[in-house]
Amino acid sequence: MSPRRKLPALALTGALALAAGSAATAGPGLAAADPSPSSYLPTRIIAGPSFPAISAWGIAHNPVSDEILVGDYLTSQVRRYTRDGRYLGDLVNPGDSIAGVASALAVDPRDGAIYLALTGSGRVYDVAKYDKSGVFMYGLDIPFETTWLTVDKNGFLWVPSAFRGGRVTRYRIDDAARSATAVLTIAKKGDGPGRFGMLTGIATDAANNAYIVDTGHDVVHVYSPKGVWKFDFGDGVLSSDIRGIAIEPGTGNVFVAQSGLGTIEGFDKTGKHLRTFAGPGTGPGKFGDGARQITITPDGQLYAADYGLQRIQQFTTAGAFVRLFPDPPMPMGKGGLAQARGLAIDPTNASLVTVDAWGQQLQRFGADGTLLDVQGRRGSTAPEGMNYPKGVTVDTRGTTWVANYEGAPYLVGYSADFDSVVRVIKTPRFINDVEYNADGYLYAVERHPGALRVYDPATGKQVRSWTSTVGWLRGVAVDAESHNVWLTSDTKNEMYVLSPSGTIIKTIPLTGLGWGIAIRRDSVYVANTTANTVQVFDKKTYAARGTIATKGARFGQVNTPSGVALDSSDNLYVMDMMNGRVDVFAPTAPPAAESVPPSMSVFSGSGVVDGQVRVGGYVSDASGIATIGVQVQDTVTGKYFNGLLGTWVAAPYVNAGIYWGSDSASAWRYTLPATLPGREYAVAAVATDRRGNTSATVAKTVVVPLTS
């Protein structure tokens, strides 16, 4: 995936020329009074949900099935590949999805049973177990955070307590009872030989010795099956965010992913350093943000999960690059959003700028929905690197400031064309939101433990700060007139008004947890993520003025709204996170009643592009386009692609397509990333207008050829 993509036009054939800019924002001048919330109606959708084919994080070789299993960190699916990189399908889960975030994988070498570590607040259990064919069996509850795991040759499950806890536990698994019983605990938190800091990987050898990666101390600890410390190694070689570990069958050589440097480090079984290979970069044999988990086959082939570049890489254990797959990578659909939180209106040209935490990118859209520019990939170094960005703002010079939630590259200011970095401001981790104010400063919210930090964009220096007295924080907006700061809470159904001197002058109750805030004239607009609406308040009296939108996935509905922004024509832009789109509302009259359905067509150039099915065309309707729905069926299996889950399901499912252009005449497109070679896909699409009229279905059959 190229990290830098300037897109003058967004069309499958490149023949479509749509002017971006002011058409959709043109309208009456500044109103004398703020519009009533009840006057806001949905007018269009910008972008749409999308995921890459694979965001590789966990990886394991199954010696029984001889498959490579790869955990997709974004969709929480586990993909199955042949050893030469052919996609075979996914693990089978109840409800077609995995609750939580898919992390490390391990396989029982005796019977091929698969274990998947789960993290995140949405998980139902900590470890999911599957049979050798990938069918879900049951879930296990494991104390402490479970991110990494391994299974030894006797079938015992080893789990380090991940980033905290300072312990490693060995479990006996009982399939009949569906339980995990601790039979050994190694609790060695602290400093010194054999002592645990931050644990980020584990593997066992043929003798069931445990090799434990400790990125807190930059070493690997070796313990016997009985929990006796044997030795440490890697000191002086391992130094930067070490992650996955794998042991080569036969030789006992040990390989460690040094993610901070993008290298793979090889050691013999005594801990003697043998070799370094790979390195930072985007080409074959290089890692965009370092490998995550790694695995080794019996014939000495090492497979590494290249999360940053959305691919898997294969090397020999001697360090020679073999292949990468998918090749070429199958990225998100252009203009797609994976888990976007922040948005902003550029005051210099009225374009819309979004940041996507899971997509790890910054995108610029014209007011008509045209995708104009894309920047970013996973990484810790600007300009390409992004680290789960959640906040964005644009200053009066057109500099776009992106707040990276997980730290480096911190708060980055991009030039108006995204081509260069104006400044990098080092901030604490967990910057959740950022806003540029008319006083010339950047206001950044540190989510936890909770603080407001104010920076001078010209120098990068922090000019003042406020430590929260109300707990964790979420969003920020600054009143250009009074310079009062409005803040939302991460844990309470409240919003706070902070004076420039740092005193809370008002606590305002909300109907749920707030996120983004936007202020225009005398009104304050707050995205309510749990009540699934936008609440509007009077900024002077603090009185509630009403709400905009309701919960759902239909046109005009929202699901977990996050960022909000208004343009000079009072159009309201809402980042609709769970629906993967930006909803645009305007104070306008409803479209005139009519019953004429939209007219829809398919591009003759629709088909397979870089291994992905891409279908699109044109659509028009006098009352305005509301939604594009696209259904994709694998004609061999009869299953349908569910883009929000990132997998194939039995029941028919309609995905959201992306459209751009004027309200009445647009181009549309849908990209299917997760394709199987040698398959035929039946694509059917319909358009709905703002009056609810539905077009006739247009169809296209696409055949993906077999690859070598």
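What follows is a short dialogue on reading a predicted model.

Visitor: Let's start with secondary structure. How many helices and strands does the chain have?

Guide: Bear in mind that this is a predicted model. The chain has 66 strands and zero helices.

Visitor: And how do I judge whether the chain is as compact as a globular protein of that length?

Guide: Set the radius of gyration against the globule rule, which is 2.2 Å times the number of residues to the power 0.38. Here the rule gives 27 Å for 708 residues and the chain comes out close to that, at 26 Å, so it is as compact as a globular protein of that length. Its C-alpha atoms fill a box of roughly 80 × 60 × 50 Å along the principal axes.

Visitor: What share of the residues is buried?

Guide: Buried means under 20% relative accessible area. By that cut-off, 59% of the 708 residues are buried. As for the accessible surface, it comes to about 25,000 Å², with 51% of it belonging to carbon and sulfur atoms.

Visitor: How far apart are the mean positions of the positive and negative charges?

Guide: They lie 3 Å apart, taken over 63 positive and 61 negative charges.

Visitor: Now a sheet. Which strands sit at the edges of the open one that contains β13 and β14?

Guide: An edge strand pairs on one side only, and here the edges are β12 (150-151) and β15 (179-187). The four strands are ordered β12-β13-β14-β15, with antiparallel pairing.

Visitor: How many bridges join β14 to β15?

Guide: Eight, between β14 (residues 167-174) and its antiparallel partner β15. To find your place there, look at Asp174, which stands opposite Ser179 in β15.

Technical notes. Residues numbered from 1 in each chain as written. Predicted model: local features only at pLDDT ≥ 70, side-chain atom pairs only at ≥ 80, totals over all residues. Heavy atoms only, no water. Helix = DSSP H or I, 4+ residues; strand = E, 2+ residues; numbered from the N terminus. Buried < 20%, exposed > 50% of the residue type's maximum accessible area, 1.4 Å probe, protein only. Areas by Shrake-Rupley, 256 points an atom, 1.4 Å probe, with all protein chains shown as cover. Lys, Arg positive; Asp, Glu negative; His and termini not counted. Charge placed at Lys NZ, Arg CZ, Asp CG, Glu CD. Pairing = 2+ DSSP bridges.
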